[in-house]
Amino acid sequence: MNTVEDQHKSTAEQKIGATSEPLVRVKNATKRYPGTVALDSVDYEVYPGSVNVLIGENGAGKSTLMKLLAGAERPTEGEILVKGKSVYFHGVRDAEKSGIGIIFQELNLFPDMSIAENLFIGNEIRHAGTIDTRAQYRKAKQLLERVGLDIDPATRIGDLYVGQQQLVEIARMLSRDVDVLIMDEPTSALSLTEVEVLFGIIESLRQEGVAVIYISHRLEEIMRIGDHITVLRNGRIVGVDLVENIDISWIVRQMVGGEHKIFDYRPRQIGEPILRVKDLSLKRINGTLALDKVNFGVGRGEIIGIYGLMGSGRTELMEVLLGLHRSALGDIEFDGKPLAKAKPANRIKAGIALVPEDRQTAGMIQPMSVRDNMTLSSIGRCCSRFLGFRMIRGKVEKQQSQSMVSTLGIKVSNDTDYITTLSGGNMQKVIIGKALLTEPRVLLFDEPTRGVDVGAKADIYRAMNNIADQGVAIIYTTSELDEALAVSDRILVMASGQITADLPRDQVDRDIITQKASPSAARETAAAQQGARS
């Protein structure tokens with residue numbers, strides 16, 4: 001840090017220190033991995049009864065610092081003090097015994113077990129030496145009510161959508177008695193209603209004296225609920241202050257070391273239609289309609305942003321276009337010809353690729369390297385025949401992988417490193433690179449910047465613009481209005497499985513979009529369609 005930053009930090013710490021004594025202190029913490037220093041001499045303080053915001057670009061060291069506090073990693077140098085006492089955590093259990101709990105950004109649930117079983121796994125309620133399933137069910141119901149979920153605790157986790165699973169993760173940690181609760185991107189998969197419930201929970205924790213460490217890339221959230229803010233850049237703390245003293249532009253400057261333009265819309269030449277859907281419908285397992293007679297088209301080189309709240313049908317639409325739901329009804333026309341109910345592999349071969357919302361489970365294979373993940377969907381292009389067998393040509397695979405690493409600006413010391421060693425934003429870029437290596441003509445992005453920082457967002461938007469300039473049609477979904485406006489030539493609004501608005505960019509009005517995203521707008525659209533048919 002330079003002298004100005006040191007002086008600013010010192011002044012801010014004096015202000016913050018005057019409010020209360022830190023509950024947790026990290027002193028001179030350094031964490032080294034082979035070939036990189038993730039944290040470099042970090043001093044960090046956490047205050048009770050407040051929301052302690054931690055922010056920085058992907059790869060800045062946030063997750064590493066939180067893993068140290070949660071017991072998932074040990075510092076190479078430095079120490080951690082809880083309530084003034086030096087501690088050494090051998091694992092997450094040790095951290096929980098010291099009152100520190102963490103809700104990881106990437107879900108850590110067992111999909112084939114029930115909600116109640118997930119809530120109490122490793123912390124079961126026992127009676128006479130056996131698990132008291134009735135007591136766990138009753139307690140689970142109370143925890144679900146606290147996070148705003150009206151769901152039977154016996155429900156299988158795999159039957160929930162991502163936002164509901166995120167709330168189950170939050171409920172699980174609320175069942176523990178913690179003094180410090182770390183929340184890593186807790187709202188990235190939540191609807192607006194669910195976000196409000198979470199903020200209510202955070203306020204109640206604050207009133208109880210719990211210290212909340214809050215990590216988010218949604219800057220408006222930080223300004224709304226944060227008390228203290230700490231900014232990391234390249235493994236070092238570059239800014240510390242009270243949230244009431246700063247603004248969003250200050251946060252961005254600290255994160256990237258200067259001014260940074262996030263949104264980068266530029267007009268482009270849109271070609272003839274390449275994909276059309278007509279009366280696309282899909283039923284969920286519970287019988288409700290995920291998609292209800294969806295109609296739209298996209299032209300070559302056009303970018304369409306689909307805005308909708310959680311549960312609007314956005315994700316299901318992306319999945320149906322890739323062929324993941326064989327029960328879907330309606331017609332899809334690709335390049336002027338009907339697209340049969342082909343398997344995803346055949347649709348990828350035809351020129352449709354998807355960057356999924358849940359990158360951990362649907363976008364990558366964790367035990368594999370960056371290179372292996374990158375070339376997985378296009379491995380046939382890296383093969384040659386020898387004596388009747390298909391052999392992977394390692395040199396070609398390496399060239400393709402490293403080309404994408406360079407094109408997308410992926411920060412990795414070597415593309416043979418495990419993909420799990422990357423930050424969230426760089427993982428997302430690998431998944432985008434994997435899709436691009438299939439040479440798509442229609443590229444689908446489901447929440448492309450979920451859980452990534454402002455720098456990675458700008459990189460992804462820039463990549464989308466460059467891809468569209470090459471004539472590739474892009475359809476992307478988002479629950480953030482600003483993101484819907486980022487690079488879109490046209491915006492579709494979805495609610496309750498229906499498209500309630502189709503607006504060219506120059507006709508976009510924020511109030512209209514917000515109104516059209518409501519369930520009532522979907523009912524009006526359905527009534528209008530019914531009237532047109534009759």
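Which residue of β22 is the bridge partner of Ile 306? In this predicted model, the bridge partner of Ile 306 in β22 is Thr 477, and the strand that carries Ile 306 is a good place to begin reading the structure.

## Strand β15 and its two partners

Ile 306 belongs to a strand whose side chains alternate in direction: Ile 303, Gly 305 and Tyr 307 point one way from β15, while Ile 304, Ile 306 and Gly 308 point the other way, and all are buried. Because six of the six residues of β15 (residues 303–308) are buried, this strand is largely enclosed by the rest of the structure.

Strand β15 is joined by five bridges to strand β22 (residues 473–478), and the two run parallel. Another five bridges join β15 to strand β23 (residues 490–495), again in a parallel arrangement, and within β23 it is Val 493 that stands opposite Tyr 307. Strands of a sheet pair through backbone hydrogen bonds, either parallel or antiparallel.

## Domains of the chain

The domain assignment divides the protein chain into domain 1 (19–256), domain 2 (263–351 + 440–533) and domain 3 (363–437). The centres of domain 2 and domain 3, taken over C-alpha atoms, are separated by 27 Å.

Across the boundary between these two domains, 11 residues of domain 2 are in contact with eight residues of domain 3. The size of an interface is often given as the accessible area lost when the parts come together. Between domain 2 and domain 3 the buried area is about 760 Å², and carbon and sulfur atoms give 77% of that area.

## A six-stranded open sheet

Six strands form an open sheet in the order β6-β9-β10-β3-β11-β12, and their pairing is mixed. Strands β6 and β12 (236–242) stand at the edges with a single partner strand each, so one side of each is left without a neighbour in the sheet. From one strand to the next, the twist averages 20°.

Two helices pack on this sheet. Helix α2 (residues 62–70) touches β3 (51–56), β6, β9, β10 (211–215) and β11, and its direction makes about 140° with that of β3. Helix α7 (residues 192–207) touches β3, β9 and β10, and its direction makes about 155° with that of β9.

## The edge strands in detail

At one edge, β6 (residues 100–103) is joined by four bridges to strand β9 (residues 180–184), and the two run parallel; the bridge partner of Ile 100 in β9 is Val 180. Ile 100 and Ile 102 point one way from β6, whereas Gly 101 and Ile 103 point the other way, and all are buried.

At the other edge, six bridges join strand β11 (residues 228–233) to β12, and here the strands run antiparallel. Arg 233 stands opposite Arg 236 in β12.

## Buried polar residues and their surroundings

Gln 165, found in helix α6 (residues 162–174), counts as buried at 14% relative accessibility. Its side chain reaches the backbone oxygen of Ile 157 at 3.4 Å, and a polar atom of the Gln 165 side chain also lies 3.1 Å from the backbone oxygen of Leu 160. Leaving aside neighbours within four places in sequence, Gln 165 is in contact with Leu 107, Leu 109, Ile 157 and Leu 160.

Ser 281, in strand β13 (residues 273–283), is buried as well, with a relative accessible area of 11%. Although Ser 281 and Lys 293 are 12 residues apart in sequence, they are 5.1 Å apart in space, C-alpha to C-alpha, and a polar atom of the Ser 281 side chain lies 3.0 Å from the backbone nitrogen of Lys 293. Not counting residues up to four places away in sequence, Ser 281 touches Leu 291, Asp 292, Lys 293, Ala 328 and Leu 329.

## Helices α9 and α15

Helix α9 (residues 248–256) has Trp 250, Ile 251, Val 252, Gln 254 and Met 255 as its buried residues. The residue that follows α9 is Gly 257, whose phi is positive, near 80°.

In helix α15 (residues 424–436) lies Lys 429, which is buried, with a relative accessible area of 6%. Beyond residues up to four places away in sequence, Lys 429 touches Leu 408, Gly 409, Ile 410 and Asp 459.

Note on methods: Residues are numbered from 1 along each chain as its sequence is written. This is a predicted model: local features need pLDDT of at least 70, side-chain atom pairs count only at pLDDT 80 or more; totals for chains, interfaces and linings use all residues. Side-chain values use heavy atoms; hydrogens and water are left out. Buried means under 20% relative accessible area, exposed over 50%, partly exposed in between (1.4 Å probe, protein chains only). Contact means heavy atoms within 4.5 Å. Two strands pair if DSSP finds at least two bridges between them. A polar contact is a pair of N or O atoms within 3.5 Å; within protein, one must be able to donate a hydrogen and the other to accept it, and residues adjacent in sequence count only if both atoms are side-chain atoms. Axes are lines fitted to C-alpha atoms, for helices over the stretch in contact, and angles run from 0 to 180 degrees between N-to-C directions. Domain bounds come from an automatic or database domain assignment. Buried area is the accessible area (1.4 Å probe) that two parts lose on being put together, summed over both.
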